[in-house]
Structure formats: C-alpha cells, structure tokens
Amino acid sequence: MRVLSSVKPLDEMAKQMTTADERPPAVEVLSAEKVFANGARGLAPIDLSIADGEFLTLIGPSGCGKSTLLKLVANLIEPSDGRLLWWRGDFAQVGQEGRRLAFVFQEPTLMPWARVEANVRLPLEFGNMPRATADPKVADAIAHVGLSKFNRHFPRQLSGGMKMRVSIARALVTDPNLLLMDEPFGALDEFTRNKLDDDLVNLSWERKLTTVFVTHSIYEAVFLSTRIIVMAANPGRIFRIMTIDQPQPRDQGFRDSSKFAACCRELSTWLAEASLQSAGGGES
Amino acid sequence: MKPLFESEAFVRIAAPVAVGIVLFAVWEVGFRLASVPVYLFPKPTDIFASLLHNGPSLLRALLVTLRVTLQAFVAAVILGTLIAFMFVQSRAIEVSLFPYAVLLQVTPVVAIAPLIIILVKNTQLSLTICATLVALFPIISNTTLGLRSVDPGLANFFRMNRASRFKTLVKLRIPGALPYFFGGLRISSGLALIGAVVAEFVAGTGGRSSGLAYEILDAGFTLDIPRMFAALFLITLTGVLLFAAMVALSQWALSDWHDSETRAEA
C-alpha cells in the first residue's frame, strides 16, 4: 500500500490533465522509466497519454526504447519507476472491465499444424469460449482480413503477407480495445506492406481501435498514424511528436499527396536529428 | 505435374525392386554354376522351398516374435512418453533421472537378458521386458527434445495471453513434439524387433524355445541352412514392414503441415 500512496500525486495529475476530454485516455504513461538489470537506462522517465481511438506510432533509431515502451504499454514488463494507467485504472482492472489487449509481432507466429481458422480461434480458446459462440467471430475476423477463401488452409500454404493477415485476424478476433503491433510488416516486401497498411488503417478506424505501432518505415508511420512519437536513444526518450491531421479513411490518394511527402520529409529530418542526439551516450 | 509425380513414385518402387531381382538372379545363377552345396550357402530357390516346406512352424515362430516385438514397442511408447512428460515437467527430475536412462541405453541387451530371463519365470514376459528396454530410449530422448523444442514466438504468444499450463501443453507442446515423436517411433520399432530377437537367442541358448531366433538356432544345430535363411528372411521382412508402417503413420499424421512429410509444391 506504501507504493500506492507514493504514486497518488501522479494519479491526481493525470486526472487534471485530461478532465477536458469526455472519454478517458486508453493509456497514460506517468513518468515511467525502465532501468535494465545490467544498469542500462532503457527508458528515461516518459509521460505520454494515448487517446482512445488514436493510432500512435513509435519510431526512432535502434536502442531508443520504442519496443520497451510498447512492452510497458502491453504490461509485459514493469516500469522501474513511475506507473501506467489503462482507462484510468491499473492493469488488473482491464480484464475485469471486459477490455482486451491484442498483440501482433514481427513474425506471424502461427501454429504450423493448425488451419487458418484454428489459428485465429486460439485466443478465444484460451478464454474457453464455446465453439458455437466462437465460430462466427472467427469467420468475421478472417473475412475482415480478406482470407475467407483460405480458412481451411495451413500456414505453409500461404504467402508471407497472408500469414501476417492471419496474425492480424487472430488479434482482432477477441475484439480488442487496444492493439499493440511491434514492426508487424517489417519482413514483408514494400508492395505487400502498402497493401496491408491500407487494410490496417481502415480496419482500426472502422473498429475504433486504439493502436500503438512500432515501425522503422517513415512512409508507413506517416500513412497510418494520427500521431507519431519520434524517440531518441541514450537514454531512450521522446524526442519530438508529430500529429498527422489527415482524416480517415486514408487511401492511395493520401500517399500521392504533397502533404504526405511534406510529412515524410519533415519526419525524415527529425529522425536524422534523433540519431545524432542518440550517438552521444556511450553506445559501443 | 501429375505424370511426373506418377513416374517419380513408379521409379521409387521400381528401381529398388529391379536391383533386388538382379541380385537374386546373380545369386541363383552364380551359385548354380559354381554348384555351391545347400548346407554351405543356399540359393534363393532353396530358401523359398524351405519357406513353403516349414511354413506352419515358421509362421508360428513369426507370430511369437511379432507378439513380443509389438508388446515391447507399445510398452516402450507408453513408458517412454510418460517419462518424457515427466522430464519436461521439471529440470530437477530430468537432471536426476536422465543418466539412468542413458545407462539403460548403453548396457547391451545381450548382457542383461540372461539376468532378466532367470528372474522372470514367464518366457514371453521376460522377452518383452528385454525388448522394451532396448526400444525405450529413442522414445524418451526424442519426445523430450520435441516437448522442449517450442517455437519461442508462439510460446511468447501463449504466455502473453495467459494460457494455462494445460492449454500450453495440449495446444502447443504436444503438437510441436509430434515430428520428433514419430522420428522416435521409427527408430524404436526397429529396435523392438532387434531386442526381441536378441532376447530370444539368449533364451533359446538356455533351452527355452520360442520365436524366429530359436528357429535360426535350431536350424543351425540341425544344419538346415535354408530354414535358417528362411527365418532370417521373415525377420527382415517384419522389420521392413514395421518401418513402413511407422513411415505411413507419420505421413498420415504430419503430411498436412510438417516440412519433412510435405511434398514440394513449387
């Protein structure tokens, strides 16, 4: 209980910061920092509020702590100091209030022995959902990523992009409130990546998903995001924030626009600066 | 695609059969020309004649050997799998018991067979125990390896979704271990037969008659060399059929997804 009382002021602060919005933010990162066991400062204290329905992208040079921040948001690791709030509560409340998180990794991580539909059904089976209730949800999720014709296929029969779609369907099937993606399309060719980006941006908009997305691609970041967090390393910190006020849904037209090009140019400059700033901290 | 595949399958069967026919022909003709006496080294036709002539007794012996082999194999699969599951439950169990599994494996069955045959009164049972000991190890080591070889990404996914230990075992570890398990089955089925035959030899020299090994021993005593070869032929045939059955089984179970059993489609 001592811990709780010590963080109370932060809590109050968070409430004050956001009383203007009628909807509570999905995630609040309150002076959370991460020092690793070997003493390395993975993340300097960070304050960040992720609004409900926002598409937030983390980008930055390697070692800037973007994956660490994502893991904090996913509650996969605990902050060394500071705290995080999910919908104004701690993580234990997330499940109790019927809210769900879903993850998509860089690898599709599908079960090779299971058909597409069985792979997508897996998260529902963890919750022991009966087949009759699960099946329509599974079919719906598979349809959303455009793989209805392939639901009886095995992963090895699918292309890399299709496997990634299955992975996304598996994340969507639980109807998550918060979708966390760690460089999901990093291993795909650019054409496939663009196609998946097109689908993802509309999917998250239609489903009013709050998405936190880690990427190395400037184009991908600008195309997808409502807000881009540029991070710098040594220690990992927020360098600058860019808001992309292009309305959803977005399509190829946005990619071809001069606004898109301008955003990419600016983001590229910022990233170069972030790299410069990151170099100083004794990285070997 | 289809005719090519068909010819490929045809070649895979026809080529070894052709080699076999040529070998038998050379054997038959060569031994006939050199007029090697039957009691030194019989010709294929002599063996075949003996096979027909001693049919009932050889068949009875075959059934005895087959029964011991299959009983030992089933026992080894059940025991080995249980032990493997125990091993992956905790590192402490594995570390403390694995050396004894190795001990069991490296001790030649011929060396312990007399002891077991003396200790266990029932011949059938003592033979089965010997053969089980031989067949057990590949199942333990392969299944343990398989249960441990979990895709780290998938394991992570299961952990993140707070999958229960049981769900992780049933949905992740067991399916992932199957290719290794079937690899163990192939080795173990052959070893069960070897174990059975070796144990029968030991029992046979001790005067307890049973199985194809005893037929070989007995034929040796009476210098009925064609019968010896006929029994040998039946043992080999059993081994080949067992192996083929295991291959078919693993193909049936894994062909949908595992690289080792899937045909290239490109």
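Below is a short conversation about how some labels in this predicted model were reached.

User: Let's start small. Why is A:Leu58 called buried?

Analyst: Happy to start there. A residue is buried if 20 or more other C-beta atoms lie within 10 Å of its own. A:Leu58 has 26 C-beta neighbours inside 10 Å, so A:Leu58 counts as buried. This residue is found in strand β3 (residues 55-59) of chain A.

User: What does A:Leu58 touch, not counting residues up to four places away in sequence?

Analyst: Two residues are in contact if their C-beta atoms lie within 7 Å. With residues up to four places away in sequence left out, A:Leu58 touches A:Lys66, A:Leu69, A:Leu70, A:Val212, A:Val214, A:Ile229 and A:Met231. Taking A:Leu70 from that list, its C-alpha atom and that of A:Leu58 are separated by 8.4 Å, and the two residues are 12 apart along the chain.

User: What makes helix α4 of chain A "mostly covered"?

Analyst: Of the 11 residues in α4(A), which spans residues 116-126, 8 are buried. The buried ones are A:Val116, A:Glu117, A:Asn119, A:Val120, A:Arg121, A:Leu122, A:Pro123 and A:Leu124. They pack against α5 (131-144) and α6 (160-172) of chain A. After α4(A) comes A:Asn128, with a positive phi near 55 degrees.

User: How is chain A divided into domains?

Analyst: Domain 1 of chain A takes residues 2-98 + 176-280, and domain 2 takes 101-175. Their C-alpha centres lie 25 Å apart. Across the boundary, 18 residues of domain 1 are in contact with 14 residues of domain 2. On the domain 1 side, the elements giving two or more residues are β6 (178-182) and α7 (190-206) of chain A, and β6(A) provides the largest share, 5 residues. By class, that side of domain 1 has 13 nonpolar, 2 polar and 3 charged residues.

User: And how many residues does each chain give to the contact between chains A and B?

Analyst: Chain A gives 12 residues and chain B gives 11. The chain A side divides into 9 nonpolar, 1 polar and 2 charged residues.

User: Over to chain B, then. How do α3 and α10 of chain B pack?

Analyst: Helix α3 (residues 55-89) and helix α10 (residues 225-254) of chain B pack at an angle of about 40 degrees, with axes 11 Å apart. The crossing of α3(B) and α10(B) is right-handed. From α3(B) the contact takes B:Leu58, B:Ala61, B:Leu62 and B:Leu66, and from α10(B) it takes B:Ala230, B:Ala231, B:Leu234 and B:Thr238.

User: Why does that contact count 7 nonpolar residues and 1 polar?

Analyst: Ala and Leu count as nonpolar, while Thr falls among the polar residues because it is in neither the nonpolar nor the charged group. The contact of α3(B) with α10(B) therefore has 7 nonpolar, 1 polar and no charged residues.

User: Where does UniProt place the "transmembrane region" feature in chain B?

Analyst: The unreviewed UniProt entry places this feature at residues 9-27, 68-88, 100-120, 126-147 and 229-254 of chain B. In the model, the span 229-254 is 100% helix, with its end C-alpha atoms 37 Å apart. The span 100-120 is 86% helix and 0% strand, and its end C-alpha atoms lie 22 Å apart.

User: Which domains does chain B have?

Analyst: Chain B is divided into domain 1 (1-35) and domain 2 (43-255). Taken over C-alpha atoms, 30 Å separate their centres.

Methods. Residues are numbered from 1 along each chain as its sequence is written. Chains are lettered from A and ligands numbered from 1 in the order in which they are written. This is a predicted model: local features need pLDDT of at least 70, side-chain atom pairs count only at pLDDT 80 or more; totals for chains, interfaces and linings use all residues. Axes are lines fitted to C-alpha atoms, for helices over the stretch in contact, and angles run from 0 to 180 degrees between N-to-C directions. Helices (H or I, at least four residues) and strands (E, at least two) are DSSP runs, numbered from the N terminus. A crossing is left-handed if the near helix is turned anticlockwise from the far one by less than a right angle, and right-handed if clockwise. UniProt positions are given in the numbering used here, feature names are shortened, and annotations may be inferred rather than shown by experiment. Domain bounds come from an automatic or database domain assignment. A residue is buried if 20 or more other C-beta atoms lie within 10 Å of its own, exposed if 12 or fewer, and partly exposed in between; C-beta atoms are placed from the backbone.
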